[in-house]
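The following exercises ask for a step-by-step reading of a protein model. Each task is followed by a worked solution.

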Amino acid sequence: MANTIPNRQVICDTLLELAKEDRDIMVLASDSRGSAAMAPFAKAYPEQFVEVGIAEQNIVGISAGLAHSGKKPFVTSPACFLSMRSIEQIKVDVAYSATNVKLVGISGGVSYGALGMSHHSVQDLAVSRAIPGLAVILPADRHETKRMTEALVKHEGGAYIRIGRNPVEDVYENDDYEFVIGKAVTLREGGDLTIIAAGETVRVALDAHDALKEAGVSCRVINMHTIKPLDEEAVIRAAAETGHIITVEEHSIHGGLGAAVAEVVVQHKPVPMRILGIPDEPAIAGKSAEVFDHYGISAGNIKKIALDLLGR
Amino acid sequence: METTALKAKAAQIRMDLLKMIHGAKTGHTGGSLSNTDILTALYYRVMKIDPANPKWDGRDRFIASKGHSVESLWCILGDLGFFPKEELKTFSQFGTRLIGHPNNKVPGIEMNTGALGHGLAIGVGMALAAKRDGRDYRVFCLMGDGEQAEGSVWEAAMAGPHYKLDNLVAIIDRNRLQISGSTEEVMGLEPLEEKWAAFGWHVVSIDGNDMEQLVRTFEAAPSIPGKPTLVMANTVKGKGVSFAENVAHWHHHVPNEEQLALALAELSAAIESYEQEGLVR
Ligand SMILES: Cc1ncc(C[n+]2csc(CCOP(=O)(O)OP(=O)(O)O)c2C)c(N)n1
C-alpha cells in the first residue's frame, strides 16, 4: 500500500512526542511552518516555537544563539534557501562556533519542480559537505526519518538534514532498526555491482535492484543516509567485493553523493563507477516525477547504466 | 490607456490568471490578485515599453522581487503580445518557459526572481547604470511586505538614497498577509513607512488597488530630485474575488470549479460596471 505520510510530518510528530519530556527542544520557522508541517508543534508548544518571518540568515543566527544558551533548536525552512542563503551563518555561527543547531531543509531536491531553479535545491549537499563538523543526512523514508529525528535530538553538534515534499514509498518494513549517524545500511546483498543512493532515490535503487535481478545481475544496494561523515568502510568494501559502483542522487552531479563516494573509491580501491544525478544545466520545470524521468533517475535507466558498466 | 479602461483591463487580467491557475492546478493566487492593479497601471499606462522590441534600450525596467506573484505578470505580458497568449496554457507544465517565477528566457522579463529579497538590489544596480550612462529610463521594483523581513532588502534600501537614485521606484504590496498569517503577527513591520523614510526614501502612501492613485503616483515619480521613491501600496490580498479577499490560506490555494465560476462572475460584473462608467463619461 502506498505511504501517504510525508517525512516532514514524521519529523513534527516525533518532535512533538520528544518535546513532552525535553523542554529544550525548539522549532524555528521562516514563514514556513505550514510547508514544514510544523503548525501542530507551534500550537502545542508555543514557548518552544519561534517564528522569524522570511529571513533565512536570521533564523540560523538566532538558532546559534539559542543553542549557545542550552537549547536544542531545529530550524525548519525550505532547503534551497536554508542551505544556500544562510551558508555563511551555517559555516561561522553553527560549524565554526560548534553550536548544536539542526538545520532541516524541507522540500529539497526538485520537490518544488515547477517553481524553477530558485526553488530547486541541488547544490545543498556540495556546500554543506564542505563545512567541517557538519553532519549531512538524507533520510530515505518515514521510518528512517523517525529514527533519525530521535538520533538528532541526542546528537551534540550541527547537522543539515534534507527531506522532500511528498510522501515517499517505504524502504523499510517498519521502524524497528537502529539508525546511526555516519553508518550506511546495506539493504540488499549482491556481488556484481553496488548501487549507492540516499534520500528519495533509495527507493529507485531498490526498484533497479529488482529489475537487474531479472536480468541476472546480483546487485548490492546501500542506503548512504549520511553523506557526511561518509561511511568510507562500506564504500571500500563495496568496491572490493562488487567491483562496480553506481551512485544515484537528487542533486547536481557535481559535489554531492557521487563525488563523495568517488573521492573514497579513487583513493582506496579504484573501480569503474557511474554518477547519476541532475546534470550541469539550467533546471527543467515540472513535477518531481517528470524531472526525475527527464534525467533518467529511474529503475529502467539505472538498469541500462549497470548493464553497460558490466559490459553486458 | 485611460483610467476606466485600466480598471476593466485589471479585472480581465484577474480572470485570465484565475483560469490559468485553475488549469495548471498550482499558483500563488492571493498575492497575484493583490498586485494586479499595480502591474496594470505600470504596463498599460506608465512604463515606456515596446512589446515588439522587448530589449529596446530606452525601456523602463520592472523587477518582480516578489517573484511568486508571476501569474499576473504572465497574463499581462501575454496580453500585450510579448509572447503568444496561447502559451499561458502551459503555465507550470513540464518543460514550459512560463514557470512559477519570472524567467528571463521569456521576452519582457528582465531578471529571474523567486528567492525573496533580491529584487531591490538589482534595481539599485539598474538605476545606478542609468545614472552613470546619462539615460532617462526608470526602474520599478515590486516587493512583498512579508519580504521586508529579509535583511538584504535593507542593504539595498541603504544604497538607493546613498547614490541619489531618483530614477528608482520601490513599491511594497502592503496587503498585510504572508503565508503563515498577518505580517504583524509573523514579524512585525510597523512603523514601516517611517523606517523607509529614515533610510532616506521619499515615501508615498496610497490605496494600491485604486487605479487613479496608482497612475498619479507613478507618473509623478520622482517628485523629489535626488531621492528614490517608496510607494507604500496598501492593497487587499486576494483583491477582486470576494471569498479570497484577506484570507491567508489563498496565498497559494487553487480555485476549484465552483470557486472559479463564482470569481469569474464577480469579475465580469465589475467589467460591465466599468464599461457603463466609461459610457457615462
Ligand atoms: C528567500 C525566500 N524565502 C522564502 C520564500 C517562500 N515564500 C514564497 S512567497 C512567501 C510569502 C511572501 O509574502 P509577502 O512578501 O507578503 O508576499 P504576498 O503576501 O504579496 O504574496 C514565502 C515565504 C521565498 N520565495 N524566498
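A residue is called buried here when its relative accessible area is under 20%, exposed when it is over 50%, and partly exposed in between. The model is predicted.

**Exercise 1. Determine what share of the residues of chain B counts as buried, and describe the fold of chain B.**

Step 1. Applying the cut-off of under 20%, one finds that 57% of the 281 residues of chain B are buried.

Step 2. The secondary structure of chain B comprises nine helices and five strands. Their order along the sequence is α-α-β-α-α-β-α-β-α-α-β-α-β-α.

Step 3. The globule rule gives 19 Å for 281 residues, and the radius of gyration of chain B, 18 Å, is close to that value, so chain B is as compact as a globular protein of that length. The C-alpha trace of chain B extends over about 50 × 45 × 45 Å along its principal axes.

Step 4. Consider the contacts in chain B between residues at least 6 apart in sequence: 76% of these join residues at least 24 apart.

**Exercise 2. Carry out the corresponding description for chain A.**

Step 1. Chain A holds twelve helices and twelve strands.

Step 2. With a radius of gyration of 19 Å, close to the 20 Å from the globule rule for 312 residues, chain A is as compact as a globular protein of that length. The span of its C-alpha trace along the principal axes is about 60 × 35 × 35 Å.

Step 3. Of the 312 residues in chain A, 62% are buried. Among contacts in chain A with a separation of 6 or more, 77% are between residues 24 or more positions apart.

**Exercise 3. Characterise the interface of chain A and chain B: how many residues are in contact, and what area is buried?**

Step 1. The contact count gives 22 residues of chain A against 25 residues of chain B.

Step 2. The size of an interface is often given as the accessible area lost when the parts come together. For chain A and chain B this area is about 1,800 Å², with 55% of it on carbon and sulfur atoms. A:Asp31, A:Ile54 and A:Arg85 supply 33% of the area that chain A buries against chain B, more than any other three residues.

Step 3. One salt bridge is found across the interface. Its partners are A:Arg85 and B:Glu150, whose closest N and O atoms are 3.6 Å apart; the pair qualifies because the cut-off for a salt bridge is 4 Å. Ten residue pairs are in polar contact between the two chains, counting pairs with both residues at pLDDT 80 or more.

Step 4. Helix α11 (residues 288-294) of chain A contributes three residues, the largest share of the side of chain A that touches chain B. Sorted by class, that side has nine nonpolar, seven polar and six charged residues.

**Exercise 4. Decide whether A:Ser86 and A:Asn223 are buried or exposed, and describe their surroundings.**

Step 1. A:Ser86 is placed in the loop between α4 (79-84) and α5 (87-96) of chain A. Its relative accessibility is 0%, so A:Ser86 counts as buried. Beyond its neighbours within four places in sequence, A:Ser86 is in contact with A:Glu56, A:Gln57, A:Val60 and A:Phe81.

Step 2. A:Asn223 belongs to strand β9 (residues 219-223) of chain A. A:Asn223 likewise has a relative accessible area of 0% and is therefore buried. The side chains of A:Asn223 and A:Glu144 make a polar contact of 2.8 Å. Outside the four nearest places in sequence, the contacts of A:Asn223 include A:Ala140, A:Tyr172 and A:Leu187.

**Exercise 5. Which class of accessibility applies to A:Val50 and to A:Leu18, and which residues do they contact?**

Step 1. A:Val50 sits in strand β2 (residues 49-51) of chain A. Its relative accessible area is 22%, so A:Val50 is partly exposed.

Step 2. Leaving aside neighbours within four places in sequence, A:Val50 contacts A:Met26, A:Val27, A:Leu28 and A:Ala29. A:Ala29 is 21 residues from A:Val50 along the chain, and their C-alpha atoms are separated by 6.5 Å.

Step 3. A:Leu18 is located in helix α1 (residues 7-19) of chain A. At 26% relative accessibility, A:Leu18 is also partly exposed.

Step 4. With neighbours within four places in sequence left aside, A:Leu18 is in contact with A:Ile25, A:Glu150 and A:Val153. A:Leu18 and A:Glu150 are 132 residues apart in sequence, yet 7.9 Å apart from C-alpha to C-alpha.

Technical notes. Residues numbered from 1 in each chain as written. Chains lettered and ligands numbered in written order. Predicted model: local features only at pLDDT ≥ 70, side-chain atom pairs only at ≥ 80, totals over all residues. Heavy atoms only, no water. Contact = heavy atoms within 4.5 Å. Buried area = accessible area lost by both parts, 1.4 Å probe. Salt bridge = Lys/Arg side-chain N within 4 Å of Asp/Glu carboxyl O. Polar contact = N/O pair within 3.5 Å; in protein donor to acceptor, adjacent residues only side chain to side chain. Helix = DSSP H or I, 4+ residues; strand = E, 2+ residues; numbered from the N terminus. Nonpolar A, V, L, I, M, F, W, Y, C, P; charged D, E, K, R; others polar. Buried < 20%, exposed > 50% of the residue type's maximum accessible area, 1.4 Å probe, protein only. Rg over C-alpha atoms; globule rule 2.2 N^0.38 Å.
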